[in-house]
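Me: I am new to this structure and would like a close look at a single part of it. Please take one loop residue with an unusual backbone angle, and then place it beside what else can be said here.

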Amino acid sequence: MEVKETLTKEQKDFKTLLLRLPKTEIHLHLEGTASVETIWSLMKKNNLNHTDISNKEDLKKKFQITNLEEFIDLFINVIQSSFSTENDIEYLINDAGEYLKKSNTVYSEIFFAPSKFVSMGFDFGKMIKILEKGTSTIMDRHGIEVKYIIDVSRSFGFDNAMRNLDLVIANPSKSVIGIGLGGSETKGPARDFQKVFEKAISHGFHVVAHAGEDVGPESVWDALNLLKAERIGHGISSINDEKLMKHLEEKQIPLEICPTSNLFTRKYAKTLEEHPVRKFFDRNMNVTINTDDPTLFSVNLIEEYMTLYNKKIFTGSEIVKLIKNNIYATFLPDAKKDKIWKECESRL
Ligand SMILES: [Zn+2]
């Protein structure tokens, strides 16, 4: 999915502009920034054996996923399983910082999914302290601000999700600003998690949810009506529901679209040309572009924008609008959003 073809002068100029503009990213999973090198080092350091993986090449192959189930298997059974202590999470933070720097992303809200780690016996409070320290490291090294959204997960049922929320509440951190709902959309419908989200809102957390990625528009409606999600992760099945698109437009609910990821899932778009992102944009819906799990999908934010530009799905000025949408869809205070956008505008 990388932009491998030779770029024309115009495309090169646009890429230079893109790199110059300060950007934000709001749909990014911490583990999805893990490099093969990092996971391999962790597997060796922690003496981990995996039946399919005996060398780095095997691991590289495992990263070449073709569908959502393979992706979840890689995410949970390989990447998350390669960690043996809370401190190993620092490796991920280093990778995230390097990843964000590459695209000149100045602010990001990153998902952290604790379910697997908690089940492995990791101490939640320790993990939060490491994550929080990580934000200072990324700020000191790269000048990039990071906040976390804890993914309470659809995959392991209500009790697990509520326990995750209770742990978030019991371990308050200025770096954790909300909760999200990732994992298997087919296995865990939104209605199962309504009480978790109500409680999170009552504690002042922002709430977002993956929806309409692998299940139809009813999943997006549920995320909005039952969970009160402030932003929708993907939401691409909304294309099949006229009323829903109108609602999303009227309410200007940001859609965290991750084009490359959606093409991997292959559920609602098999090619970029048939991806609903352009139709959503034309209907004045609040579209933002993100990468989801960049190293797993071999993509970064610049490449996502460049592919949309090179394939003429969006013009340069429309991509600037998408960058602006992303800045204003963050949970930053308004003054900070304005500051990033002004800086962005001054570099156009
Ligand atoms: Zn995601």
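Reply: The residue to look at is K228, which sits in the loop that joins α10 (217-225) to β6 (231-234). The model is a predicted one, and in it K228 has a positive phi of about 60°, although this residue is not a glycine. As for its surroundings, K228 has 14 other C-beta atoms within 10 Å, and because a residue counts as exposed with 12 or fewer such atoms and as buried with 20 or more, K228 is partly exposed.

A second residue can be set beside K228, namely S153, which is likewise not a glycine and has a positive phi of about 80°. S153 belongs to the loop between β3 (145-151) and α8 (157-170). With 23 C-beta neighbours inside 10 Å, S153 counts as buried, whereas K228 is partly exposed.

Turning from loops to helices, helix α1 (residues 9-20) and helix α14 (residues 301-310) have axes that come within 11 Å and cross at roughly 145°, and the crossing of these two helices is right-handed. On the side of α1 the contact is made by Q11, F14, K15, L18 and L19, while α14 contributes I302, Y305, M306, Y309 and N310. Sorted by class, the residues in the contact of α1 with α14 are 7 nonpolar, 2 polar and 1 charged.

Conventions: Residues numbered from 1 in each chain as written. Predicted model: local features only at pLDDT ≥ 70, side-chain atom pairs only at ≥ 80, totals over all residues. Axes fitted to C-alpha atoms, helices over the stretch in contact; angles between N-to-C directions. Helix = DSSP H or I, 4+ residues; strand = E, 2+ residues; numbered from the N terminus. Left-handed = near helix turned anticlockwise from the far one by under 90°. Contact = placed C-beta atoms within 7 Å. Nonpolar A, V, L, I, M, F, W, Y, C, P; charged D, E, K, R; others polar.
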